[in-house]
Amino acid sequence: MEKLSTDVLVIGGGATGAGVAWDAALRGLDVVLVERGDLGTGTSGRFHGLLHSGGRYAVKDPSAADECARENLIVRHIAPDAIEDTGGFFVTTPFDDPAYADRFALGCRNTGVPCEEIEPAQALREEPRLNPRVSRAFRVPDASIDVWRLVWALARGAQERGARVLPYHEAVAVHRDGDEIKGARVRNSRTGDELDVEARITVSASGAWAGKIAGLAGIEGVQVRPGRGIMIAMNHRLVNTVVNRCQMPTDGDIIVPIRTVCVVGTTDVDTEDPDDHSVIQDEVDAMLAYGERLVPGFKDARALRVWTGVRPLFEDTKGNGDGGSSRDVTRAHALLDHMDRDGVSGFFTITGGKLTTYRLMAQDTVDAVCRQLGDPRPCTTATERLPGSHDGEYIRVEDRLGRRERHLRDDQLICECELIPRRRIEDTIRQRGTTDLDDVRRLLRLGMGPCQGGFCIYRAAGILHGHDGIDTSQANRALVDYVLERWKGVWPILYGDQLRQARLDDWIFQGVLDIEHLP
Amino acid sequence: MIEDLLHEPLRNSLDHCVKCTICETVCPVSNVTPLFPGPKYAGPQAERYREQGEPVDEWSVDYCSGCGLCTMHCPQGVKIAELNAHARYAVKQRGGVPLRDRLIARPTVLGRLGTPVAPLANAALRARATRVLTERLLGIHRDAPLPAFAGRTFQGWARKHEGPATGTKIVYFHNCGTEYYEPDVGEKVVAVLEHNGYRVEVPKQDCCGLPLQSNGLFEDARKYVLRLARALAPHARDGTLIVGNATSCTVMLKREAREILGLEDDPDLALVSRQTYDVCELLLELHDRGELKTDFQPVEEVVAYHAPCQQQGHWIGKPALDLLALIPGLVVHELDARCCGIAGTYGLKREKYQIAMDVGADLFNQVAASGAGLVACDSETCRWMIEHGTHRRSVHPVELLHQAYRL
C-alpha cells in the first residue's frame, strides 16, 4: 500500500477543508487534503451561493451577524474572482411584519452590518420585478459567490505551496494509536486503491459527516444534525441584486442572482442522513409560492433545476460540563479539540458554520493545530489573495458574453447556454485529468444552462473521446453519467418550459443517440 | 429607466427557448456570414448575460438585420428579433450612433432636402464620384440601391385630388417611400380604394419611426411613432380603418412600436394599432365578403412574387397572392427565398452591403429562374433591392390590380 506522510491531513474538501489546507500551507505546513467526491460537492456545492452581509442574522444572532460582516469584507478582498458584487436588499413585503424593519435597522447598527435604508421606489428602479407593494427597503453588501471557483482557488493555492489535494479519496479508517490519532487510510473511489496517510495532525472538516469521521477515530458523541434545505434555480436572473425578505429568517425568503441564474431558497428540515438529497414536491411548490411574494410572476417563470443541501448543525451530546469542550458557544461554528474533549491528541473536528465564515473557521482550526504542534505561526489568509484574484476584479455576468464576442470566429462554441468554447473544455479535461464531465461542469458550468446539457454534453463527450487514452466506452459512460446526474435535478420541476425542454432533450438522447444502448 | 420596465415582457420570453435551432435555420444573415452568430445566440442565449444598465462588450448583434423571421418561425414564442433590437439599442447607446445611421434613419428629413432639388440630387446619387465620396465620408456603400427622388410629394397630389364625395371613409397611411420617391404608387392605391367604394382621407403625417428603431435610436423612434399615432388616432376613433401599402411601416404600427419600443400603454397607438390594415389584407377581406370589385381586365405578364420579411411579420399569410390570382392572364410565381437582404437601411451600410447581397442571392436567382419579367413585392426598400439585384422592374401588387382595373 502506498504511503504518504504529512504534517496535516485534512478530511473533507468543501470550503472549510480547502480553507484549512490553504491556511496551513500558507503557514508553511505540509498538507494532504482528501475528499470522498470532487471538491465542493457536499454542503459547499449545494447551497444558493450567498455571501452573507450579516443582515440575515442582525436580529436573530448578532454575533453571527458581526462575524459575517467582517468575513464578507475579507472574502471580497481575497477572492473577488469567485464573487459577484450584486449587493443585497432587505425588503418589507406585505407578507412581513412591518415592525421587524426597525429591529433590523437597529440590529445592523449594533453588529456592524453596513446597512442603508433606501426609498422603496429606488429599490424598484434598480429591481423592476420586485414586488411593487414593498413598504421598506434596506441596502446591504450581500454578494453571490461561485463556490467551485472559491474551493478550487483555495486548493490550487495550497497545491502551489506543496499541498497534495486528492479528490475522490474517501477516508475509510482513522489510525489511532492509544490516545493519539496518526492519520487515516483513504480509498480512491475510482480505482479502489487504498493509501495510508500518516499525519502529525488530522483535521476532520467533514461538516455534516463529522460524526462519521469521529466515529472512525473511535470518538463518541460528535453529533451533527443535518438540516436539509431546498433550492431552485430559475432559468435567468429575475433579479440582479440579492433580495431578502425583511423578517425573521424563515423558509423561501431569499433570491440570489448567481452567474446566469437566480436561486430561491430555502427550507430547514431535520434529516437523519446527510446524503439524503430527496426533493419533496410540496417544498418545490412552497418555494415557488415564496418566490412569488418577492417577485410577482416568479412561479410562472421557468425553473431550471432543484437541489437540496444539508446544513451541518452541531450539537455536542457529550455532557462534560464546563471547560471540557473547546466549542465556543457564541459562535455558529464548532471547533472540537479532541485532546481537550476526549483526551485524544492529533485530531480536530471543525463543523457547523456557514460558507461566508469558512476562512475564520479555517483560521481557528489551524491556530489550534499550531498550538498543539507547539509551533505557533501567524495566519495570513485575511490578506493573501487567492490564485486568480490578484487583479481584484469581481465576476460580472456580462464577462462571458464579452469574452465570447472576442473569440466568435476562432473558437467553437460547445455549451451554448453557458457560452463555453471548445478550448476551455479541452484545457480543463487536460488539467484535471478527469474523465468525469461533472467535474468539468463544476469548473466551467458546462451544461448548467436552460437545456441542461441537451445540446452540449455529447459534444463534450466527443471532445473527451479525443483525448489520449480515453476509449469509446469511457466517453459513452461519461455521457450517460452526466445525463443521469442532471436528471435528478430536473424531474421534480418538470412543468411548462422546462418540461418542453426535457422532452426535446429526451428525443435527442433517446431518438438520435439511443443513449440506453451505447457501446 | 423606462427601458428597464418595457424590456421585461420581451426578456421573459427567453424562458421559452428550448434551443431547437429553428431560428438559426431560417436566419438569412447568419447563413451567409460568420459575423452574425445567429438569432439563438444573440437573442435568448446572450440575453441571460445582459444586465440592464451594465456595459457588455458585444458587437455581433449589430449584424442582425432585424428582418424578424426568427420570431416568426420560433415554435415556442420567443421574441428573438425584439430581444435583438433591444441589444442593438444597448450597443448603440454605448458605442454611439454614427452620423450615417442618424441620417438614413430619417427618410422625411432626406425627402424634404432632396425633393426640391430632385434632378440635381438624383444626378448626384447616380454619379460614381459622389457615391464613392458618400461611401468614404458617410459609410453608405457605393453600390447600394438608393431610390430616386420623385421631385414631388404624394401629399401635394393628395391635396389637389378630388375623390368621391360619398363612400366608406378610410384613412390612407402612405409612408415616406410613397411620399418622396413613389407618389405614383400612392395614387394607384387611392384609385383602387376609390374604385371599391372608399372615400380616402390623407391626413398630414410623418415617418413611423421604424428606421430609427432599427438603427437603435429608440427615443427618437418613440417620438415619431407617437406623433404619427396622434395624427391618425382622431380618425380611427369613430371606427375608421387605416390602410397602408408599406408592410414594414404598417407592422410598426400594428406591433413593433408596442412590443419593441414598449408603448403598449399608449391609448392612441393602441387604437391605431387595432385599426391598421395592410392594403392587400384589406382588399382580400373585401373579396372574402364578396365586396371587392372583380372587373379585372387581362394582364398578360409573368410575375414573380416575393413576400417581404416584414410582410410575413403581419401574420396574415400572403393576401397579395390571392388578389393577383384574380387577374386574368397574369401568371404568378411564388418565390420562397427568405429575404432580399436590404432590411430597410441595413444593406445600405458599407460594412453590410455585401452581406445583404449574399442574403438576396437566393431570391435573385429564383427570380432569374422563374422567367418572370416583373417582381411583385409589398415593401418599397425590398423592391429597390430586387431591382438592383435582378435588373428587373419591381412593383407593389396593388399596381398590378390598378393596371387590371384599367383605372
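## Report on a predicted two-chain model

Setting aside neighbours within four places in sequence, A:Gly207 makes contact with A:Gly12, A:Gly14, A:Thr16, A:Gly42, A:Thr43, A:Pro312 and A:Thr351. The model described here is predicted. A:Gly207 belongs to the loop that lies between strand 12 (194–204) and helix 6 (210–216) of chain A. Is A:Gly207 buried or exposed? A:Gly207 counts as buried because 27 other C-beta atoms lie within 10 Å, the threshold for burial being 20 or more. A:Phe314 is separated from A:Gly207 by 107 residues in sequence, while their C-alpha atoms are 8.9 Å apart in space.

### The nonpolar core

In soluble globular proteins, nonpolar side chains tend to be buried together. The largest nonpolar core of this model comprises 281 residues. The residues with the most contacts inside this core are A:Ala21, A:Val31, A:Leu33, A:Ile255 and A:Ala460. Helix 5 (residues 147–160) of chain A gives the most to the core, namely nine residues. For A:Ala21, the contacts beyond four places in sequence are A:Val10, A:Val31, A:Leu33, A:Leu154, A:Ala155, A:Ala158 and A:Ala163.

### The open sheet of chain B

Strands of a sheet pair through backbone hydrogen bonds, either parallel or antiparallel. In chain B, four strands build an open sheet with the order 2-1-3-4, and their pairing is parallel. Strand 2 (198–201) and strand 4 of chain B are the edge strands, each pairing on one side only. With direction ignored, neighbouring strands of this sheet are turned by 40° against each other on average.

Strand 1 (residues 168–173) and strand 3 (residues 241–244) of chain B run parallel and are joined by four bridges. Strand 3 of chain B also pairs with strand 4 (residues 276–278) of chain B, in the parallel sense and over three bridges. Individual residue pairs are listed below.

| Residue | Partner | Strand of the partner |
|---|---|---|
| B:Val171 | B:Ile242 | strand 3 of chain B |
| B:Tyr172 | B:Val243 | strand 3 of chain B |
| B:Val243 | B:Tyr277 | strand 4 of chain B |

B:Val243 thus appears in two of these pairings, opposite B:Tyr172 and as the bridge partner of B:Tyr277.

Which strands does helix 14 (residues 218–236) of chain B lie across? Helix 14 of chain B lies across strand 1, strand 2 and strand 3 of chain B, and runs at about 170° to strand 1 of chain B. Helix 17 (residues 279–288) of chain B also packs on the sheet, where it touches strand 3 and strand 4 of chain B. The direction of helix 17 of chain B makes about 85° with that of strand 4 of chain B.

### Domains of chain B

The domain assignment of chain B gives domain 1 (2–95) and domain 2 (294–405). Their C-alpha centres lie 27 Å apart. The contact between them takes 11 residues from domain 1 of chain B and 12 residues from domain 2 of chain B. On the domain 1 side of this contact, seven residues are nonpolar, four are polar and none is charged.

### Contact between the chains

Chain A places 28 residues in contact with 25 residues of chain B. Helix 10 (399–406) and helix 15 (496–512) of chain A are the elements that give two or more residues to the side of chain A that touches chain B. That side of chain A divides into 10 nonpolar, seven polar and 11 charged residues.

Definitions and conventions
Residues are numbered from 1 along each chain as its sequence is written. Chains are lettered from A and ligands numbered from 1 in the order in which they are written. This is a predicted model: local features need pLDDT of at least 70, side-chain atom pairs count only at pLDDT 80 or more; totals for chains, interfaces and linings use all residues. Two strands pair if DSSP finds at least two bridges between them. Domain bounds come from an automatic or database domain assignment. Two residues are in contact if their C-beta atoms, placed from the backbone, lie within 7 Å. Ala, Val, Leu, Ile, Met, Phe, Trp, Tyr, Cys and Pro count as nonpolar, Asp, Glu, Lys and Arg as charged, and the others, Gly among them, as polar. A nonpolar core is a set of buried Ala, Val, Leu, Ile, Met, Phe, Trp, Tyr and Cys residues joined through C-beta atoms within 7 Å. A residue is buried if 20 or more other C-beta atoms lie within 10 Å of its own, exposed if 12 or fewer, and partly exposed in between; C-beta atoms are placed from the backbone. Axes are lines fitted to C-alpha atoms, for helices over the stretch in contact, and angles run from 0 to 180 degrees between N-to-C directions.
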